[in-house]
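Reader: I would like a close look at one part of this protein, the small open sheet, described with some care. Please set it in its surroundings afterwards, so that the local picture connects to other parts of the chain.

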Amino acid sequence: MKDIHKLMDESDATALADLIKQGEVKKDELLEASIERLEQVNPALNAVAEKLYQSARNSEPASGIFAGIPTLIKDLFAPVKEARMTNGSVALGEARPQLDDSVVTRLRASGIRFIGTSTAPEFGTSYTTESTRFGATHNPWNLQHSAGGSSGGAAAIVASRVVPFAHGNDGGGSLRVPASCCGVFGLKPSRGRVPSGPLVGEGWGGMGTAHAITLSVRDSATLLDIVSGADLGAPYASPADNKPFAASLNDPLKPLRIALIEDAGPWTVSPAALESVQHTAKLCSHLGHHVEVVKFPVDLLNFFEAAFNIIAPNTKSYVEMLGDMRGAPVQNEELEPATRIIVREKGMISAVQYVRSIEHMHALGRQMAAFLQKFDLLLTPTVVREPPQLGELHVLDESMSLEQFIELSHSYSPYTAVFNGTGQPAMSVPLYWSKNDLPIGSHFVARFGDEATLFKLARQLEQLQPWNQKVPPINACMH
């Protein structure tokens, strides 16, 4: 029997699952090693919302493709039966849902075990995982820096090699930004690819979707195969793929036409972020793809105005529903300052404004679809500078305007949210570390429903410049 920690240091979930099937690794041994690894790094990272060790030990994993692989579920609009769900807020108290999210159900059916829930900022509206409820989640590359948001807990745990993947979700970059900050792989699927039931029809007017942060591309592809497809009563679905994503990973990829974006509209791209995306463009050219610099075809300030016309009423509706469910209205002081700003400034817009903002997103989707007739992919930096210092993006009082909040947050990640609006799949690939040894991801966007091209290119880049060999200073490796 090989040393379990050495195997975990070197293996993704696909390899570990194969070792379990071959009898080289026992499921319970892997579970206990994952718990040990989490206990080793979490005091420094603060990435866990709730430990679920006992329920994981008591569960007999299903005999699916990832039978016995441990992970964590993000503590944000993803109920796990009998686990506490806070959505990063003190307002939810000790709420314990009595059902599983559709994605959680599918992960369980594949044999995955849940050892905990991971931290998120309140209601997922921040690019840093800091909250009154849980405090700050630290970046394993440098503890003074943020792990990103809103799936910051998931990214920190995966980057520090506790588990090979962790669940997350993304309404404006919440998988891709923390993947960039922590030097791991994060893909946001097409709208409708992954179910949001049984409690939610569509998150943030269709901008939100779930998936995972992973170390390897093949794990991400396999996980998307596991969770894909409309659930019962889903309002819409993305196109069905002819072949499983994992099975098509190594299929030939024709030379791609890639549009490179180097500017960020009203905001500045740092030299490090520009260098990161130019480095990636050179790797793509080396692989035989054609890269052409173009101008970003979206008015970002108009886009964010429309986006918050959708986010704010959805947030206000949720806060009111939460009050109804618990039998007492949510008080202002129970909410984070950022939530108060969003609800105060746009929570009561007219129905006409709301509809017009939804139409704005649909028009943008058509515009980007037309743009990507000339190109196969779009490439931007995921973020415009290194991971922020803790506190830099965290709002401490409600005195700022919504415009100032947008400036604070989205000047850091100007591009990611646009593709939640259009519904197109997008990914952050870890290919660059700054002179301070902090990661900055490269952000690729494909045509609606074309995750397969993203996965195939990511696989090429992973083989050309393997990122799993770069391990952060805070890590669970034990060999």
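Author: What follows takes the sheet strand by strand and then moves on to other parts of the chain. The model is a predicted one, and the description should be read with that in mind.

The sheet is an open one built from 3 strands in the order 1-3-2, and its pairing is mixed. Strand 1 (48–51) and strand 2 (70–74) stand at the edges, and because each has a single partner strand, one side of each is left without a neighbour in the sheet. Direction ignored, neighbouring strands here are turned by 40° against each other on average.

The mixed character of the pairing can be followed on the two sides of strand 3. On one side, strand 1 runs antiparallel to strand 3 (residues 113–118), and 3 bridges join the two. Within this pairing, lysine 51 stands opposite glycine 116 of strand 3, while glutamate 50 has threonine 117 as its bridge partner in that strand. On the other side, strand 2 and strand 3 run parallel and are joined by 5 bridges. Here isoleucine 73 stands opposite threonine 117 in strand 3, so that threonine 117 faces glutamate 50 in one pairing and isoleucine 73 in the other. As a general point, side chains in a regular strand alternate between the two faces of the sheet. As for burial, 6 of the 6 residues of strand 3 are buried, and strand 3 is therefore largely enclosed by the rest of the structure.

The stretch leading into the sheet deserves a look of its own. Asparagine 46 belongs to the loop between helix 3 (27–45) and strand 1, and its phi is near 55°, a positive value in a residue other than glycine. With a relative accessibility of 24%, asparagine 46 counts as partly exposed. A comparable backbone feature appears at arginine 161, which is not a glycine and yet has a positive phi of about 70°. Arginine 161 sits in the loop between helix 6 and strand 8 (165–170), and at 6% relative accessibility it counts as buried.

Further back towards the start of the chain, isoleucine 20 lies in helix 2 (residues 13–21) and is buried, with a relative accessible area of 12%. Isoleucine 20 and alanine 67 are 47 residues apart in sequence, but their C-alpha atoms are 7.9 Å apart in space.

Two peptide bonds also call for attention. The bond from glycine 149 to serine 150 is cis, with omega near 10°, and serine 150 lies in the loop between strand 7 (142–146) and helix 6 (152–159). The bond from glycine 197 to proline 198 is cis as well, with omega near 0°, and proline 198 is found in the loop between strand 9 (185–188) and strand 10 (209–214).

Aromatic side chains add another set of contacts, and a search of the whole structure finds 13 aromatic pairs. One of them joins phenylalanine 303 and phenylalanine 304, whose rings are edge-to-face, 5.0 Å centre to centre with 70° between the planes. Both phenylalanine 303 and phenylalanine 304 are buried. Elsewhere, Phe77, Phe123 and Tyr318 form one aromatic cluster. A charged group also meets a ring, with lysine 470 lying over the face of tryptophan 433 at 5.0 Å from the ring centre.

For the wider frame, UniProt, in an unreviewed entry, places the feature "domain: Amidase" at residues 29–454. Over residues 29–454 the chain is 35% helix and 15% strand, with the end C-alpha atoms 34 Å apart. Helix 15 covers residues 451–464; at 1.5 Å a residue its 14 residues should span 20 Å, which agrees with the 20 Å between its end C-alpha atoms. Of these 14 residues, 11 are buried, so helix 15 is largely enclosed by the rest of the structure. Among the buried residues of helix 15 are Leu454, Phe455, Leu457 and Leu461, and also Glu451, Lys456, Arg459 and Glu462. Helix 15 is thus described in the same terms as strand 3, since each is largely enclosed by the rest of the structure.

How values were computed: Residues numbered from 1 in each chain as written. Predicted model: local features only at pLDDT ≥ 70, side-chain atom pairs only at ≥ 80, totals over all residues. Heavy atoms only, no water. UniProt positions renumbered as here; feature names shortened; annotations may be inferred. Helix = DSSP H or I, 4+ residues; strand = E, 2+ residues; numbered from the N terminus. Expected span 1.5 Å × (residues − 1). Buried < 20%, exposed > 50% of the residue type's maximum accessible area, 1.4 Å probe, protein only. Phe/Tyr/Trp six-rings, centres within 6.5 Å; stacked < 30°, edge-to-face > 60°. Lys NZ or Arg CZ within 6 Å of the ring centre and 35° of its normal. Pairing = 2+ DSSP bridges. Axes fitted to C-alpha atoms, helices over the stretch in contact; angles between N-to-C directions.
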